[in-house]
Structures are given as structure tokens and as C-alpha cells.
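Q: I'm new to reading protein models. Could you walk me through a few surface and backbone features?

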Amino acid sequence: LCVIDISDPENPDEIGAFRGQLIINDVCVSGGFAYLADLIVGLRVIDISDPENPEQVGVFQTPDVAQGVCVVGDYAYVADRRSGLFSINIANPEDPQEADSYNSPGEASDVFVVDELAYVADGESGIHILTVRDPNRIFRRGTYDTPGLATRVVVANNLAFVADGVSGMQLINVSDSREPNLAGVFNTPGNCYGVCSTESYTYV
């Protein structure tokens with residue numbers, strides 16, 4: 001994990017790092033901690049209150065390969081490939097505890113949580129929309145099977161933007177989370193593996 005000072009965007013500068021035997025697939029920062037989806041152990045919790053000296057304070061071992069992580073409040077949601085989605089209580093960052101899990105049929109590679117719903121990019125089975133109002137009791141609300149391999153997902157303005165491999169970016173209308181439907185497609189010139197959206201633009 002590298003901490004980069006971007007106060008001068010033209011000259012980004014590394015000011016701190018946490019290194020070791022780890023392979024990071026994703027990172028989410030919340031409340032003075034960085035939460036890492038790590039291929040080797042699962043979820044790592046890194047104290048970044050001193051950005052120049054990041055320090056690991058907690059670990060949660062997932063059964064498969066942690067691919068994506070999203071933190072909301074006292075819970076970290078981890079997409080763990082063939083083991084699906086885990087909700088992990090991080091109220092005590094030094095002792096993360098499993099709250100619940102959802103075993104999706106595909107390979108969970110990313111998760112985005114908003115408005116008490118978790119959107120899981122689940123590989124060949126598209127996206128799964130889960131209710132996480134109670135993180136201790138996750139259940140499925142809706143699904144949409146994209147034509148490609150769903151690897152990343154972000155949600156804004158009732159649209160799920162899905163990086164779908166050879167099928168480009170799929171735009172899914174999720175205004176009715178029980179019955180999501182296709183809103184549009186952007187055919188990227190190459191395979192689409194990542195997506196990020198702002199109010200006016202989407203970057204793939």
C-alpha cells in the first residue's frame with residue numbers, strides 16, 4: 001500500500017507505504033483506516049492516521065480470494081470470489097468479525113454499497129443486488145445477468161455501471177432493485193475491466 005500526496009497534482013509524491021507479503025486487489029479508506037482486499041489473507045485493516053507510517057492493526061481471513069472491498073459505517077463488505085460476499089463487523093478494527101455472508105453463484109469480484117443495498121459484480125452471473133439494511137442478515141433482492149463477465153460495478157443516480165469484459169460497459173437501471181433492466185451499453189474498443197463514475201462522466 002502506497003500513500004501518495006496529491007496536494008500538487010502535477011507532482012504526486014509517495015510519503016508512506018505498508019509493504020510485505022501481500023497482493024492487494026482493492027482498497028477502501030474510511031475513518032483513518034485503509035481496508036485492503038488482499039489475495040493472500042483476505043481483509044487487512046491498516047491504520048493510516050499517520051500517513052507516513054501506515055501500520056496493520058487487524059486481519060480477517062476469508063476462505064477464498066478477496067477481490068473487492070467497500071466500507072459503510074461499522075461494516076466492511078468483501079467480494080471473495082467463489083465464496084461470495086462477506087459483511088464484516090469492523091467496530092473494533094483490531095478484531096474484525098464476520099457478521100454474515102451471501103454465497104453468490106458466480107465469482108464475486110467487486111462490491112458497491114449505497115442506500116442499504118450491496119451491488120455485487122459476480123462474473124458470469126452478472127450483478128446481484130443484496131439488502132444489507134441489517135448487515136447481520138443479508139438476502140438477495142434482485143439480479144441482472146450481463147452478457148459478459150461482470151468485474152467491477154459502481155452505482156449513481158439509479159444506474160449501475162458494470163465493467164463487463166468483452167461486452168464493454170453495461171448500464172443497468174436499478175430504480176426498481178427487484179427488477180433491474182438494461183438502460184444502455186457502451187462498447188469499449190478493448191475489454192472493460194474497471195469503471196468509475198462522477199456526476200457527469202464515467203471513466204472506464
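A: Sure, let's go through some charged and nonpolar patches, one loop residue and two backbone angles. Keep in mind that this is a predicted model.

Q: Let's start with charge. Which residues form the negative surface patch?

A: The idea is to look for acidic side chains, since Asp and Glu count as negative. Here Asp5, Asp8, Glu10 and Asp13 form such a patch.

Q: Where does Asp13 lie, and how do I label its exposure?

A: Asp13 is in strand E2, which covers residues 13-17. For exposure, you compare the relative accessible area with two cut-offs: under 20% is buried, over 50% is exposed, and anything in between is partly exposed. Asp13 has 43% relative accessibility, so it counts as partly exposed.

Q: Okay, what about a loop residue? Where is the place of Glu52?

A: Glu52 sits in the loop between strand E5 (42-47) and strand E6 (55-61). Try the cut-offs again: with 52% relative accessibility, Glu52 counts as exposed.

Q: Which residues is Glu52 in contact with, leaving aside its neighbours within four places in sequence?

A: Here you look past the sequence neighbours and see what the fold brings together. For Glu52, those contacts are Ile15 and Gly16. You can also set sequence separation beside distance in space: Glu52 and Ile4 are 48 residues apart in sequence, and their C-alpha atoms are 9.6 Å apart.

Q: Patches can be nonpolar too, I guess. Which residues make the nonpolar surface patch?

A: That one is made by Ile23, Leu39 and Ile40, and its area is about 230 Å². Take Leu39 as an example: it is found in the loop between strand E4 (33-38) and E5. Leu39 counts as partly exposed because its relative accessibility is 35%.

Q: Now the backbone. Why would a positive phi catch my eye?

A: Because most residues other than glycine have a negative phi. In this model, Asn157 has a positive phi of about 55°, although it is not a glycine. Asn158 also has a positive phi, of about 65°, and it is not a glycine either.

Q: Where does Asn157 lie, and where is Asn158 found?

A: Asn157 lies in the loop between strand E15 (152-156) and strand E16 (159-163). Asn158 is found in the loop between E15 and E16 as well.

Q: And how exposed are they?

A: Asn157 has a relative accessible area of 67%, so it is exposed. Asn158, at 47% relative accessibility, counts as partly exposed.

Technical notes:
Residues numbered from 1 in each chain as written. Predicted model: local features only at pLDDT ≥ 70, side-chain atom pairs only at ≥ 80, totals over all residues. Heavy atoms only, no water. Patch = residues over 30% accessible without salt bridge, like charges linked within 9 Å, V, L, I, M, F, W, Y side chains within 5 Å. Areas by Shrake-Rupley, 256 points an atom, 1.4 Å probe, with all protein chains shown as cover. Salt bridge = Lys/Arg side-chain N within 4 Å of Asp/Glu carboxyl O. Charge placed at Lys NZ, Arg CZ, Asp CG, Glu CD. Helix = DSSP H or I, 4+ residues; strand = E, 2+ residues; numbered from the N terminus. Buried < 20%, exposed > 50% of the residue type's maximum accessible area, 1.4 Å probe, protein only. Contact = heavy atoms within 4.5 Å.
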